[in-house]
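Visitor: I should like to understand how parts of this model are arranged. Please guide me through it step by step.

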Amino acid sequence: MHIVLVEPEIPPNTGNVARLCAATRSVLHLIEPLGFKLDDAQLKRAGMDYWRQVEWQRWPSWPAFHSRLPAGARLWLIESHGPRRYTEAEFAPADYLVFGRETAGLPKTLLEAAPDRWLRIPMFNPEARSLNLSNCVALVLFEALRQQGFQREMRR
């Protein structure tokens with residue numbers, strides 16, 4: 001699986017996602033501009049010593065990332081108000097799960113260009129604006145891995 005963070009702003013969230021990617025052997029894509037420096041102490045602390053186990057790439061912009069996608073790549077855009085729940089999607093091992101900035105989400109132009117790939121995580125409290133980014137990534141990623149039978153699971 002591929003995890004894509006578009007313009008992430010909060011270092012501990014990105015560090016937690018990196019740790020999640022290390023544990024699940026998912027590839028992490030960071031799309032600039034980033035709201036922090038990659039040597040940020042909070043980023044390193046949240047990712048702990050897992051950064052060396054993460055396969056990741058930094059991209060200068062969405063167009064640069066998008067232009068290098070393999071033919072037929074499937075991008076799932078996870079954002080509030082999507083027409084379908086994330087549990088209704090049928091994920092494949094090479095899919096890209098795309099998440100937006102903590103304060104603004106994904107650009108509307110991306111969402112409107114791919115309504116069939118726009119997924120939401122159900123919310124139940126109208127006063128709660130959103131869930132934490134790293135929690136959202138974990139929810140959707142583990143649903144995708146569950147659908148694939150948790151292939152390559154390490155058992156101790």
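Visitor: What is the handedness of the crossing of α1 and α5?

Guide: This is a predicted model. In it, the axes of helix α1 (residues 11–24) and helix α5 (residues 133–147) come within 8 Å. The crossing of these two helices is right-handed.

Visitor: Are α1 and α5 roughly parallel or roughly antiparallel to each other?

Guide: The axes of α1 and α5 cross at roughly 20°. Angles under 35 degrees count as roughly parallel. The two helices are therefore roughly parallel.

Visitor: How many residues of the contact of α1 with α5 are charged?

Guide: On the α1 side, the residues in contact are Asn13, Asn16, Val17, Leu20 and Thr24. They meet Leu133, Ser134, Val137, Ala138, Leu141, Phe142 and Leu145 in α5. By class, eight of the contact residues are nonpolar, four are polar, and the number charged is zero.

Visitor: How far apart are the end C-alpha atoms of α5?

Guide: Helix α5 has 15 residues, and at 1.5 Å a residue it should span 21 Å. The model agrees with this expectation, for the end C-alpha atoms are apart by 21 Å.

Visitor: Is Leu5 buried or exposed?

Guide: Leu5 lies in strand β1, and the buried residues of α5 pack against that strand, among other elements. Leu5 touches several residues beyond four places away in sequence, including Val17, Leu133 and Val137. Its relative accessible area is 1%. Buried means under 20%, so Leu5 is buried.

Note on methods. Residues are numbered from 1 along each chain as its sequence is written. This is a predicted model: local features need pLDDT of at least 70, side-chain atom pairs count only at pLDDT 80 or more; totals for chains, interfaces and linings use all residues. Side-chain values use heavy atoms; hydrogens and water are left out. Axes are lines fitted to C-alpha atoms, for helices over the stretch in contact, and angles run from 0 to 180 degrees between N-to-C directions. Helices (H or I, at least four residues) and strands (E, at least two) are DSSP runs, numbered from the N terminus. Angles under 35 degrees count as roughly parallel, over 145 as roughly antiparallel, 65 to 115 as roughly perpendicular and the rest as oblique. A crossing is left-handed if the near helix is turned anticlockwise from the far one by less than a right angle, and right-handed if clockwise. Contact means heavy atoms within 4.5 Å. Ala, Val, Leu, Ile, Met, Phe, Trp, Tyr, Cys and Pro count as nonpolar, Asp, Glu, Lys and Arg as charged, and the others, Gly among them, as polar. The expected span of a helix is 1.5 Å times one less than its number of residues. Buried means under 20% relative accessible area, exposed over 50%, partly exposed in between (1.4 Å probe, protein chains only).
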